[in-house]
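Student: I am new to this structure and would be grateful for a close look at a single part. Could you take one chain, follow its helices, and then place it beside its partner?

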Amino acid sequence: MLKTYSEFWYRFKKDKLAVAGSIIVICLFVLSFIAPLVAPYDPNAIDARHVLTPPGTAHLFGTDDLGRDVFSRILFGARISLKVGFFSVGISVLIGIMIGALAGYYGTWVDTIIMRFVDTMLCFPTFFLIIALIALFEPSIWIIMIVIGATNWMGVARLVRAEILSLKQREFILAARAAGASDLRIIFSHILPNALAPVLVYATLGVAAAILIESSLSFLGIGVQPPTPSWGNILTVGKDNIEIAWWLSLFPGLAILITVLGYNLLGEGIRDSLDPRLR
Amino acid sequence: MLIGITMISFLVIHIAPGSPADLLVQMNPKASPEAKARLRAYYGLDKPLHIQYLYWLKQIAVFDFGSSFSPDGRKVADKILERMPVTVLINVLSMLLIFAIALPIGVLSSVYQRSLLDKFSTVFVFLGFAWPSFWLALLLMMLFGVTLGWLPISGLKAYNHDSLSFYAQTLDYAKHLILPVLVSAFGGIAGMSRYVRSSMLEVIRQDYIRTARAKGLTESAVMYRHALRNALLPVITLLGLSVPGLIGGSVIFETIFSIPGMGQLFWQSAMSRDYPLIMGMLVIGAILTLIGNILADISYAMADPRIRVR
């Protein structure tokens, strides 16, 4: 599959879409780190004299129903979506790796029970599960990240299990076992490094999915709670003022679109560069 | 499988802090501890968890999901059943729309690979993947509902619906359904056309396609009779797999367009912590997915003569 990293880089750099995706992602990182420096206003500063101002020189993207600067709120919203994206994917990848490794490595009845469980989880409309769980707890950013992570690990689990099944009987694993390596050592230092590439692809695409879910939840009102700015809850205000303030609906949506697009392009780019046959 | 579904639905509700009885008491602060205990006994909440589960399982085996906690106290099964047709209708319509649009896009962009059309559809696909459906809903509402004023933006029927003739009533429904169906189909169109494209590309490289060309068949016969039929097989599976996503997505567009379907009901039940209703909806949502998968398997077997049920 993949011989060297330089070969990977060579293909990756030739893929214009992948490069575009990584530029978007890097820009987002930088923007969310320097948000306090570049934001022209305090994202939570209420200004009763400039309520629902259309975009102009003073307010680049206009203001919302409380006179807060939408541009600054979107900048700070980038931090939230970045945080949610990475933490929830981190959680789902961790759960997925553990469960997948358990099923793939031990096989037999452990495998049967775990994979049955995975199949059952896949039957549920994920969004139903997420809403039920969040509604039962108090919505907070931590709950959101945990719930998104806890309902999206099934893909990673399947991936890791398949990878382990195909590697388990290879000579280098048998050699490691003959040398007396423990199960944990075999799983973590011999098998998992080989499964890293597909998991990385899955995780990159997963960040995009998590950001989409978070923004939908915040839009519905059970995600990130105001006054903390999130792209989803700015859009809620946009819906309430749909007849008078188009800028409240347009810009946060564009931010989500560009971000998700960036992660998707990056993820697909990594996948194509790892395995050019898939193109 | 069904047992697993009921177990997860049950656990999801019961790992949450706070009990339904507390909630009922909150609504009526004058409730005495005795009344609370009576309530708990009434809903069987004083028993250990596994007994509660078995009790609930025994009930739903005969399709009795208990009564809703909401003030009307109606049967959960009735509540869900009356909401189901709208959601199923919208999802079936959007699946048809997905198929009708994605199939030609996918086939054409694979046949004319690297053409302008292919590039255009690739851009569309990436945008479609990344486009948040609720944002699309907002934009469409703004364009067609507010700026142009062509389509209604909420509900299922106009206020004067009952006074209309049958024809006008149908038209009224159709007008209310256009935007929700579009929104729910949008993401699927992108995914499906991408999938059809890659599936077609894979099939076109096969030896039997070369054989079909070699024996002098016209290009369209090769494509439609030999290639497309084989390329569609994995697509059928994908249709079955997309059912949970569609049902889950119905929460979003039904809330935005205030359509009285299952998604909205689920949303309301989650917000009011209507435990029996939430559990019932989770089970039914998962069962609908199972049905979708079974239908996909059956149509797979019909499309592919190599697969026969033994």
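Tutor: The account below takes chain B as its part, and then turns to the partner chain and to confidence.

The model is predicted. Chain B contains 13 helices and zero strands, and its pattern along the sequence is accordingly written α-α-α-α-α-α-α-α-α-α-α-α-α. The chain has 310 residues, of which 36% count as buried. If one takes the contacts in chain B between residues at least 6 apart in sequence, 70% of them join residues at least 24 apart.

One pair of helices deserves a careful look. Helix 5 of chain B spans residues 76-111 and helix 6 of chain B spans residues 116-130; their axes come within 8 Å and cross at roughly 130°. The two helices are therefore oblique to each other, and their crossing is left-handed. On the side of helix 5 of chain B, the contact is made by Ile105(B), Leu108(B) and Ser109(B), while helix 6 of chain B contributes Leu117(B), Asp118(B) and Ser121(B). By class, these residues divide into three nonpolar, two polar and one charged.

Helix 6 of chain B also leads to the partner chain. In the contact between the chains, 37 residues of chain B meet 36 residues of chain A. At least two residues of this side of chain B come from each of helix 1 (2-14), helix 6, helix 7 (133-147), helix 11 (243-256), helix 12 (262-271) and helix 13 (275-303). The side of chain B that touches chain A is made up of 30 nonpolar, six polar and one charged residues.

Between two of those helices lies a residue with a notable backbone angle. Ser258(B) is in the loop between helix 11 and helix 12 of chain B. Its phi is near 35°, a positive value in a residue other than glycine. Ser258(B) counts as exposed because it has 11 C-beta neighbours inside 10 Å, where exposed means 12 or fewer.

Chain A offers a loop residue with the opposite label. Ala245(A) is located in the loop between helix 11 (231-240) and helix 12 (246-274) of chain A. Ala245(A) has 21 C-beta neighbours inside 10 Å and so counts as buried, for which the cut-off is 20 or more. Leaving aside residues up to four places away in sequence, Ala245(A) touches Leu52(A), Gly62(A) and Gly238(A). From Phe87(A), by contrast, Ala245(A) is 158 residues away in sequence and 33 Å away in space, C-alpha to C-alpha.

The loop that precedes helix 11 of chain A, between helix 10 (183-220) and helix 11, holds Pro227(A). The peptide bond from Pro226(A) to Pro227(A) is cis, with omega near 10°.

Confidence should be kept in view throughout. Chain B averages a pLDDT of 78, with 81% of the residues scoring at least 70. For chain A the mean pLDDT is 85, and 97% of its residues reach 70 or more. Among the elements of chain A, the lowest mean pLDDT, 79, belongs to helix 1 (residues 5-14), and the highest, 90, to helix 4 (residues 70-106). Where pLDDT is low, predicted coordinates should not be read in detail. For the complex, the predictor gives an ipTM of 0.81 and a pTM of 0.83.

Conventions:
Residues are numbered from 1 along each chain as its sequence is written. Chains are lettered from A and ligands numbered from 1 in the order in which they are written. This is a predicted model: local features need pLDDT of at least 70, side-chain atom pairs count only at pLDDT 80 or more; totals for chains, interfaces and linings use all residues. Helices (H or I, at least four residues) and strands (E, at least two) are DSSP runs, numbered from the N terminus. Two residues are in contact if their C-beta atoms, placed from the backbone, lie within 7 Å. Axes are lines fitted to C-alpha atoms, for helices over the stretch in contact, and angles run from 0 to 180 degrees between N-to-C directions. Angles under 35 degrees count as roughly parallel, over 145 as roughly antiparallel, 65 to 115 as roughly perpendicular and the rest as oblique. A crossing is left-handed if the near helix is turned anticlockwise from the far one by less than a right angle, and right-handed if clockwise. Ala, Val, Leu, Ile, Met, Phe, Trp, Tyr, Cys and Pro count as nonpolar, Asp, Glu, Lys and Arg as charged, and the others, Gly among them, as polar. pLDDT is the predictor's confidence in each residue, from 0 to 100.
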